[in-house]
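Trainee: I would like to learn how to read the features of a structure like this one. Could we begin with the ligand site?

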Amino acid sequence: MQISNRIENILGKGSDGWGAFYKARRMIRDGIDVTELSIGEHDITTDPIILNAMDQAARAGHTGYAAIPGIHDLRAEVARRVTKNTGVKTNVGNVLITPGGQSALFAAHMASCNPGDTALFIDPYYVTYPGTIRAASAIPKSIKAKAENNFQPSAQDIAASAGNAKSLLINSPNNPTGVVYSRETLTDIAKISVDEDLWLISDEVYDTQIWEGSHLSPRSLAGMEERTLVVGSMSKSHAMTGSRIGWLIGPEAAISHLENLSTHTTYGVAGFIQQAALFALKLGDAFEASIAEPFRRRRDLAISIIEKSNVINLIPSRGAMYVMLDIRATGLSGDEFADRLLTQHHIALLPGEGFGDAAKGHVRVALTVDDARLETALQTLVDFAEANIK
Ligand code: PLP
């Protein structure tokens with residue numbers, strides 16, 4: 001039987017960028033002690049107090065079908081959080097609860113693009129972006145944010161592609177680069193979105209991981225509330241990756257249409273997960289800061305080690321659980337560098353090439369092991385780079 005073109009083409013012609021990760025997993029299965037710096041997964045599991053809330057909710061009967069756009073109290077709590085953090089008055093009707101940010105990314109493209117429409121995204125990008133756009137039957141078109149510009153996208157480059165596009169997907173704080181878009185960059189993006197009548201899809205799943213300055217949601221900029229869809233998630237902010245809980249924020253009309261998409265795809269999120277998410281959100285800012293803290297500390301540690309190297313250049317990392325290293329001075333590609341480091345030193349990181357053309361000659365380090373192990377791995381990486389200049 002023939003598989004539909006839509007499904008067959010989700011990955012497009014390129015790879016899905018996870019080759020190095022799969023190779024590391026195979027080595028671990030074979031009993032090799034690999035230092036795993038490749039995936040954006042905390043080195044802690046979900047906090048027991050959140051698990052207790054989940055358990056209690058399940059035992060109290062929240063095991064049946066739950067309200068599809070999300071239970072009212074959770075939508076209200078998300079709306080309260082967004083209002084407090086961004087200054088934009090947000091109501092229950094602006095919030096759709098989804099099984100993670102990934103599902104919200106798909107919903108946002110389904111809401112904004114017709115089949116065949118062009119959907120823009122910034123390169124380097126989170127690996128699922130082009131496939132998510134294709135899954136929604138839109139055409140992905142990337143815009144390079146250049147290493148020379150510290151991976152801030154340029155207004156001219158976006159404007160040049162915006163004419164026949166329907167949406168623009170951005171991500172700040174950024175995976176894979178750790179870059180936080182400046183107010184100037186976001187203001188330029190907002191202006192282009194208004195001028196070119198684009199939907200702006202703003203992936204803010206790292207909004208609690210900002211190491212310098214503060215988070216700016218472009219939904220709060222002039223003229224943007226009616227055309228911005230914000231992707232949120234508790235995966236990173238609350239170490240709840242496996243619970244699959246996130247949201248999409250947008251204009252009420254879009255959110256109410258998207259309830260139909262949820263009804264016909266996910267059928268919502270388990271009630272006991274939603275109750276646990278409500279409990280977790282009510283733990284407030286201090287809890288979120290405690291989850292982010294190890295990454296702040298390890299980012300400082302990474303800077304202190306890398307800045308001593310004459311070969312590796314650190315992209316100024318101001319947020320998210322990653323640092324991006326420019327290894328072009330070695331003469332190796334990111335793929336070669338990552339593969340050799342894994343084979344020779346059992347350190348797994350992801351080549352920049354997996355995140356798009358703009359990150360060629362770079363590697364991404366996820367700060368997701370304990371400090372001592374990270375320090376040893378980064379020192380080994382620096383020594384390896386210095387010994388492998390072509
Ligand atoms: N967006 C970005 C930039 C990510 O890095 C991730 C996960 O790593 C996601 C979205 C999806 O997160 P989740 O579906 O776990 O909420």
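Mentor: A residue counts as near a molecule if one of its heavy atoms lies within 4 Å of it. Around the ligand here there are 15 residues, of which Gly101, Asp203, Ser233, Ser235 and Arg244 come nearest. Before going on, note that this is a predicted model, in which local features need pLDDT of at least 70 and side-chain atom pairs count only at pLDDT 80 or more, while totals for chains, interfaces and linings use all residues. Residues are numbered from 1 along each chain as its sequence is written, and side-chain values use heavy atoms, with hydrogens and water left out.

Trainee: Which atom of the ligand lies 2.5 Å from a polar side-chain atom of Asp203?

Mentor: A polar contact is a pair of N or O atoms within 3.5 Å; within protein, one must be able to donate a hydrogen and the other to accept it, and residues adjacent in sequence count only if both atoms are side-chain atoms. For Asp203, the partner at 2.5 Å is a nitrogen atom of the ligand. Arg244 has a side-chain N or O atom 2.7 Å from an oxygen atom of the ligand. Asn175 places a polar side-chain atom 2.8 Å from a ligand oxygen.

Trainee: How is the chain divided into domains?

Mentor: Domain bounds come from an automatic or database domain assignment. Here domain 1 covers 5-45 + 286-387, and domain 2 covers 61-283. Their centres, taken over C-alpha atoms, are 25 Å apart. With contact meaning heavy atoms within 4.5 Å, domain 1 contributes 38 residues and domain 2 contributes 37.

Trainee: What is the area buried between domain 1 and domain 2?

Mentor: Buried area is the accessible area (1.4 Å probe) that two parts lose on being put together, summed over both. For this pair of domains the value is about 3,300 Å², with 56% given by carbon and sulfur atoms. Glu288, Arg318 and Phe355 supply 19% of the area that domain 1 buries against domain 2, more than any other three residues.

Trainee: How many salt bridges are there between domain 1 and domain 2?

Mentor: A salt bridge is a side-chain nitrogen of Lys or Arg within 4 Å of a carboxyl oxygen of Asp or Glu. Between the two domains the count is four. In the salt bridge of Glu148 with Arg328, the closest N and O atoms are 3.3 Å apart. The residue pairs in polar contact between the domains number 21, both residues being at pLDDT 80 or more.

Trainee: Which element gives the most residues to the side of domain 1 that touches domain 2?

Mentor: Helices (H or I, at least four residues) and strands (E, at least two) are DSSP runs, numbered from the N terminus. The answer is α11, with seven residues.

Trainee: How many salt bridges does a search of the whole structure find?

Mentor: The search finds 21. One pairing is Lys23 with Asp339, at 2.9 Å from N to O. This pair links distant parts of the chain, 316 residues apart: Lys23 lies in helix α2 (residues 19-29) and Asp339 in helix α12 (residues 334-345).

Trainee: Where is the backbone worth a second look?

Mentor: Asp123 and Pro124 are joined by a cis peptide bond, with omega about 10°. Pro124 sits in the loop between β3 (118-123) and α6 (129-135). Ser172 and Pro173 are also joined by a cis peptide bond, with omega about -10°.
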